[in-house]
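Hi everyone, thanks for coming. I'd like to walk you through one chain today, starting with a single strand and working outwards. Have a look at the picture first.

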Amino acid sequence: MQSYDFKSIEAKWQDYWERNKSFKVEKDSSREKYYLLEMFPYPSGKIHMGHVRNYSIGDALARFKMMQGFNVLHPIGWDAFGMPAENAAIKNQSHPAKWTYENIDTMREQFKKLGLSYDWDREIATCHPGYYRWNQWCFLKFYERGLVYRKNSTVNWCEPCQTVLANEQVVDGGCWRCDEPVQQKQQQGWFFKITDYADRLLEGCDFLKGSWPDQVLAMQTNWIGKSFGAEVDFKVKDSEETIRVFTTRPDTLFGSTFMVLAPEHPMTHGLSRGTGRESAVDAFIQKVKGEDKISRTSEGGEKEGVFTGAYAINPMTGQPIPVWTANFVLMDYGTGAIMSVPAHDQRDLDFARKYQLPVKVVIQPKDGDLDETSMTEAFTTDGTMTGSGQFDGLFGADGRRKISEYLEAQGLGKRTVNYRLRDWGVSRQRYWGTPVPIIFCDACGTVPVPLDQLPVELPLDAQLGERGQSPLKTLNEFIETPCPKCGEAAQRETDTLDTFICSSWYFDRYTSPRDEAAAFNKSSIDYWMPVDQYIGGIEHAILHLLYSRFFHLVFRDLGLIESKEPFQCLLTQGMVIKDGAKMSKSKGNVVDPDEIISRYGADTARLFILFAAPPVKDLEWSDQGVEGCFRFLKRVWVIVNELLDEINGMSGASASDIELKEPLNNLRRQTHVTIKRVTEDIQNRMQFNTAIAACMEFVNHLYTFREWWNAQKDLSENDRRVLREALESLVLLLSAFGPHIAEELWSALGHSQTTDKTSWPRFNEEWIRSDEVLIVIQVNGKVRHKITVSENADEDVLKAKVQDEPKVKEWIEGKQIKKIIVVPNKLVNLVAV
């Protein structure tokens with residue numbers, strides 16, 4: 001018998017799959033489709049164990065579905081635009097395109113070494129003009145529908161780098177690249193009107209319940225942030241101006257003792273003029289410009305503010321209340337102004353205590369009175385209105401409704417719905433991205449690039465500035481272009497598009513990736529979409545997944561697609577942990593997949609990553625666990641090869657009407673039990689770890705069975721068929737997790753057709769039934785042994801048998817049995833002291 005030479009085996013089958021295009025797939029209306037997709041990777045240079053986990057999960061499911069007879073689409077591509085390429089280009093004095101394409105080549109080879117079942121003919125890279133042409137097409141189609149506009153907005157701006165930064169790229173008030181202070185700046189930019197789809201996105205969350213993780217749906221629902229309340233106008237004292245606020249708690253209006261405006265609010269600066277507070281307000285506004293929005297609104301962030309010197313009139317009490325400006329109020333939510341009710345909002349209470357502002361209780365709990373002078377925790381739930389004039393005694397929703405009706409009747413406000421969701425700013429002042437397909441003409445204004453002039457190509461001969469400044473603004477050959485309308489000299493837009501646009505529809509492009517006439521072919525997308533199973537990290541729960549759903553809804557409205565949602569089912573896999581922390585270069589705890597593959601093989605790497613934890617849980621890396629999986633594969637190799645001669649020439653299933661010797665009957669039972677466990681663990685629960693555990697248990701049983709088999713002299717052809725079925729079933733079950741070794745053993749078993757073209761084994765319930773049951777034996781509540789006994793065995797006989805087991809005697813020796821608890825057909829627990 002040859003030894004398990006994983007290197008030659010894996011190279012052999014990877015070459016076979018590539019030469020034969022084994023996983024190439026075409027639309028076939030006669031077959032049921034299954035679209036399996038993992039979130040495509042950024043080509044960062046080399047894959048890491050997080051990649052191995054994500055793509056091994058997907059590949060196991062893809063192979064399982066292929067063998068079940070589905071027409072499986074399992075594509076791969078590269079999310080290739082973005083800032084990391086620019087940073088690497090600056091560091092290495094290279095070009096983002098060169099760096100990106102070299103990384104794609106490296107990672108493609110690594111993926112192939114893992115034996116992943118991709119249809120490589122569908123490979124895409126979002127930085128290729130053949131792809132981003134359709135990003136621009138999407139932009140223009142959205143523009144035609146009134147879903148795109150340009151406006152001034154407040155952005156995080158780094159002056160040295162000459163670029164806008166996302167909130168996540170501001171670290172301690174400084175630029176993550178150069179550490180220079182970040183400013184808040186008003187700047188023109190392009191926006192997608194995702195807010196027009198807020199309600200439909202929420203409705204989709206209800207539709208996806210049960211097939212998406214509850215946590216993801218909750219995160220999206222909270223991000224959209226639909227809230228019912230009222231807009232209320234507070235008149236500025238001694239002025240004709242009014243400050244409009246949105247509140248979800250109009251029943252607390254009588255308790256509003258001050259107001260707070262965002263520093264960016266258009267009235268903040270003006271209200272302080274002539275009050276003696278001008279310099280303090282101006283200095284505060286300037287200070288807040290250097291703070292990022294995340295730290296401003298975080299629970300642990302310092303809440304700071306200044307009095308503007310102005311007062312507003314509480315519309316319910318008629319009393320003047322001071323108007324402040326504070327860092328925790330943003331223009332991005334509501335109206336950029338809030339009425340502060342410190343007795344009933346914890347943030348307001350903390351702010352009031354810090355700046356010695358009044359607190360007034362206007363909602364009392366059922367079981368006591370609140371003391372506004374000493375309270376340290378705001379009462380934020382429903383209660384009975386008090387100190388609210390004619391509305392005293394009203395409770396909760398009834399009070400909110402009556403106050404809202406009063407505001408509308410008096411012309412002081414109106415009931416309304418507000419959303420936390422804001423329109424999607426898609427402009428980026430960076431080079432390595434999709435050029436915005438817009439031209440500015442002095443005569444014609446803003447002019448979309450005609451569709452037949454797409455793509456607007458990114459010039460690849462451009463060089464980045466020292467700190468990543470986009471060169472597009474300085475390239476006259478790019479900027480200068482004739483106006484499509486009047487033919488006069490005009491200028492191109494030099495902003496590029498947010499890279500999230502690339503990932504918001506790439507799954508659609510996979511359905512017809514080489515179509516040059518359309519972003520996707522209608523008949524292909526109607527056949528393949530939606531994605532049946534999407535797999536990726538929960539860190540994408542909001543932005544990528546929400547934007548993808550938004551794009552899908554717009555495509556539906558354009559009549560381009562029929563399915564209701566882009567992703568039918570979603571699995572968010574856990575992280576790979578080592579030494580108690582997520583693997584990262586900075587922590588020095590990274591495990592290189594290439595080293596694992598070189599030492600143990602791709603099948604071992606895949607098997608361990610699937611066996612070590614359920615997919616949705618974090619996985620703790622274990623060198624011993626990897627070695628254990630390698631030993632298991634060697635045991636599979638040995639047992640199949642040792643028994644090969646015993647079953648040569650055998651074909652077909654064993655006869656069901658011939659009585660078998662008990663060891664053979666038990667082998668057949670264990671075969672079908674294992675098939676059932678693995679099938680249901682994958683299909684119903686996506687629990688690959690328990691599926692693999694079932695295979696390991698079955699291999700243990702085969703080793704025990706081998707001893708009996710080798711001692712037999714009179715084995716029939718039917719007996720050998722039972723054994724053949726067991727070995728073939730094991731190999732086919734393992735092919736989802738360790739495809740290389742499975743193909744090699746399947747070939748050794750005499751098959752010319754590969755496992756992915758072979759039907760998944762089916763279990764027979766009749767052969768699973770047994771007159772025996774497995775009894776778990778516990779000593780003082782801890783599992784110490786397991787035995788097989790006749791079903792419904794006599795309780796006294798069972799107690800005696802358990803106590804007579806050698807492995808049980810080890811745990812009760814020298815102890816007194818105080819009690820024996822029997823759960824029929826399941827468990828025996830000995831209480832020993």
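Okay, let's start with strand β12, which covers residues 258-261. Which of its residues sit on which side? F258 and V260 are on one side, M259 and L261 are on the other, and all of them are buried. In other words, β12 is covered on both faces. Before I go on, please keep in mind that this is a predicted model.

Now, who are the partners of β12? One is strand β15, residues 337-340, and the two pair in the antiparallel sense over four bridges. If you want a spot to look for on screen, find V260, whose bridge partner in β15 is I338. The other one I'd like to show you is strand β14, residues 320-326. Here the pairing with β12 is parallel, over three bridges. This time look for M259, which has V323 as its bridge partner in β14. If the words are new to you: strands of a sheet pair through backbone hydrogen bonds, either parallel or antiparallel.

Let's stay with strands for another minute. There's an open sheet of three strands, in the order β30-β29-β31, and its pairing is mixed. Which strands stand at the edges? They are β30, residues 581-582, and β31, residues 619-620. Each of those has a single partner strand, so one side of each is left without a neighbour in the sheet. As for β29, residues 576-578, its pairing with β30 is antiparallel, over two bridges. One pair you can pick out there is K578 with A581, its bridge partner in β30.

Let's step back and take in the whole chain. How many helices and strands does the chain have? There are 26 helices and 35 strands. The C-alpha trace spans about 110 × 80 × 50 Å along its principal axes. The chain has 833 residues, and 55% of them count as buried. Now take contacts between residues at least 6 apart in sequence: 72% of those join residues at least 24 apart. On the outside, the chain exposes about 36800 Å², with carbon and sulfur atoms supplying 47% of that. For charges, we have 99 positive and 116 negative side chains, and the centres of the two sets lie 1 Å apart.

Next, two buried polar residues I'd like you to find.

The first is H74, in the loop between β2 (71-73) and β3 (77-78). Is H74 buried or exposed? With 2% relative accessibility, H74 counts as buried. Its side chain makes a polar contact of 2.7 Å with the side chain of E38. Setting aside neighbours within four places in sequence, H74 also touches a list of residues that includes L36, G58, D59 and Y118.

The second is N829, in strand β35, residues 827-832. N829 counts as buried too, at 11% relative accessibility. What lies 3.5 Å from a polar atom of the N829 side chain? That's the backbone nitrogen of N780. If we again skip neighbours within four places in sequence, N829 is in contact with Q778, V779, N780, G781, K819, I820 and I821.

Last part: some backbone oddities. Most residues other than glycine have a negative phi, and most peptide bonds are trans. So let's look at what goes against that here.

Where are the cis bonds? One runs from L454 to P455, with omega near 0 degrees. P455 is in the loop between β23 (445-448) and α13 (476-479). Another runs from M529 to P530, and omega is near 5 degrees there. You'll find P530 in the loop between α15 (522-528) and β27 (531-537).

And positive phi? Q93 has a phi near 50 degrees, and Q93 is not a glycine. Q93 sits in the loop between α3 (83-92) and α4 (96-113). With 77% relative accessibility, Q93 counts as exposed. Then there's N792, also not a glycine, with a positive phi of about 60 degrees. N792 is in the loop between β33 (782-790) and α25 (795-804), and at 59% relative accessibility N792 counts as exposed.

That's my tour. If you'd like one thing to try on your own screen, go back to β12 and trace its pairing with β15 and with β14. Thanks for listening!

Methods: Residues numbered from 1 in each chain as written. Predicted model: local features only at pLDDT ≥ 70, side-chain atom pairs only at ≥ 80, totals over all residues. Heavy atoms only, no water. Buried < 20%, exposed > 50% of the residue type's maximum accessible area, 1.4 Å probe, protein only. Contact = heavy atoms within 4.5 Å. Areas by Shrake-Rupley, 256 points an atom, 1.4 Å probe, with all protein chains shown as cover. Lys, Arg positive; Asp, Glu negative; His and termini not counted. Charge placed at Lys NZ, Arg CZ, Asp CG, Glu CD. Pairing = 2+ DSSP bridges. Polar contact = N/O pair within 3.5 Å; in protein donor to acceptor, adjacent residues only side chain to side chain.
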